[in-house]
Amino acid sequence: MERGSKRGSDGRRTTPPGAVRRRFDQFAAEVAKFGAVGTAGLLVNLLVFNLVRHTTDLQVVRASVVATVVAICTNYIGFRYFTYRDRDKSGRTKELTLFLLFSAVGLVIENGVLYAATYGFGLDSPLQSNVFKFVGIGVATLFRFWSYRTWVFRALPAREAVASAEAFLEELPEGGAIPGRRGQRQRVG
């Protein structure tokens, strides 16, 4: 049985309400921080895209790739030192390699949307390019959020164990008796 979970009357595992709330709050904070860094990256991406597009002779998708690469670099700094600063820092080479790998997949998703709009449908005005660049960023962001939190910036195992233990301790009745152990008092803490 998982730590911090109990079996309900129907035999299914249930998680204490405090633990569920804490996990939701942690997830909401992570989403907010990811969104803050992502918004900064979005602004960098669109600014560089329009700057390159209007000051050079690069084609629209190439200008977008340049902008995406610049945004990826700024986003790594934001994710490592703000969003996921409390995550495992032991394997920086592996972390950076995975970040670049998943960012490259996101780059393909993002610019694939722009490529399809530009060359598949002939939608190449500055406004249309920005709209499809923005749509591509949105789709790629969903992939990036999942991949970064799952594979790149992994949670420290000890932190998860501490959270589970704290949730278990919060659910103990007064006096510290462990449920299911009649006549025995276990000292906890």
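**Exercise 1. Glu-110**

In which helix is Glu-110 found? Decide also whether Glu-110 is buried or exposed, and list its contacts beyond its sequence neighbours.

*Solution.* Note that this is a predicted model.

- Step 1: Locate the residue. Glu-110 is found in helix H3.
- Step 2: Check the accessibility. The relative accessible area of Glu-110 is 1%. Buried means under 20%, so Glu-110 is buried.
- Step 3: Collect the contacts, leaving aside neighbours within four places in sequence. Glu-110 then touches Asn-45, Ser-64, Thr-68, Lys-133, Gly-136, Ile-137, Ala-140 and Arg-144.

**Exercise 2. Ser-103 and Thr-74**

Classify Ser-103 and Thr-74 as buried, partly exposed or exposed, and place each in its helix.

*Solution.*

- Step 1: Take Ser-103, which is found in helix H3. Its relative accessibility is 1%, so Ser-103 counts as buried.
- Step 2: List its partners. With neighbours within four places in sequence set aside, Ser-103 is in contact with Ile-72, Arg-144 and Tyr-148.
- Step 3: Turn to Thr-74, which has its place in helix H2. Thr-74 has a relative accessibility of 34%. Buried stops at under 20% and exposed starts at over 50%, so Thr-74 counts as partly exposed.
- Step 4: Add a distance. Thr-74 and Val-37 are 37 residues apart along the chain, and their C-alpha atoms are separated by 8.8 Å.

**Exercise 3. The nonpolar cores**

Which residues touch the most other members of the largest nonpolar core, and which elements give two or more residues to this core?

*Solution.*

- Step 1: Name the residues. The largest nonpolar core has 14 residues. Those that touch the most other members are Phe-34, Phe-79, Tyr-84, Phe-99, Tyr-148, Val-152 and Phe-153.
- Step 2: Assign the elements. Two or more residues of this core come from each of helix H1 (17-55), helix H2 (60-83), helix H3 (92-120) and helix H4 (126-152).
- Step 3: Find the main contributor. H3 supplies the largest share, four residues.
- Step 4: Look beyond this core. Another core lies apart from it and has eight residues, among them Phe-49, Val-61, Ala-67 and Leu-114.
- Step 5: Zoom in on Phe-79. Leaving aside neighbours within four places in sequence, Phe-79 contacts Phe-34, Val-37, Tyr-84, Arg-85, Phe-99, Tyr-148 and Phe-153.
- Step 6: Set this in context. In soluble globular proteins, nonpolar side chains tend to be buried together.

**Exercise 4. The second largest pocket**

What is the volume of the second largest pocket, and which residues of its lining are closest to its centre?

*Solution.*

- Step 1: State the volume. The second largest pocket comes to about 270 Å³.
- Step 2: Go to the centre. The lining has 19 residues, and Gly-38, Asn-75, Ile-137, Thr-141 and Arg-144 are the closest to the centre.
- Step 3: Trace the walls. H1, H2, H3 and H4 each give two or more residues to the lining of this pocket. H1 gives the most, with seven residues.
- Step 4: Sort by chemistry. The lining residues are eight nonpolar, nine polar and two charged.

**Exercise 5. The whole chain**

How many helices and strands does the chain have, and what percentage of its residues count as buried?

*Solution.*

- Step 1: Count the elements. There are five helices and two strands. Their order from the N terminus is β-β-α-α-α-α-α.
- Step 2: Assess burial. Of the chain's 189 residues, 31% count as buried.
- Step 3: Assess the surface. About 11900 Å² is exposed, and 62% of it is supplied by carbon and sulfur atoms.
- Step 4: Assess contact range. Take contacts between residues at least 6 apart in sequence: 66% of them join residues at least 24 apart.

Key:
Residues are numbered from 1 along each chain as its sequence is written. This is a predicted model: local features need pLDDT of at least 70, side-chain atom pairs count only at pLDDT 80 or more; totals for chains, interfaces and linings use all residues. Side-chain values use heavy atoms; hydrogens and water are left out. A nonpolar core is a set of buried Ala, Val, Leu, Ile, Met, Phe, Trp, Tyr and Cys residues joined through side-chain atoms within 4.5 Å. Buried means under 20% relative accessible area, exposed over 50%, partly exposed in between (1.4 Å probe, protein chains only). Contact means heavy atoms within 4.5 Å. On a 1 Å grid over the protein atoms alone, a cavity is a set of points where a 1.4 Å probe fits but cannot get out, and a pocket is an open set with protein on both sides within 12 Å along at least five of seven lines; lining residues have an atom within 4 Å of a point. Grid points are joined across faces, edges and corners, and a volume is the space filled by probe spheres set on the points. Ala, Val, Leu, Ile, Met, Phe, Trp, Tyr, Cys and Pro count as nonpolar, Asp, Glu, Lys and Arg as charged, and the others, Gly among them, as polar. Accessible areas come from the Shrake-Rupley method with a 1.4 Å probe; for residues, only the protein chains shown count as cover.
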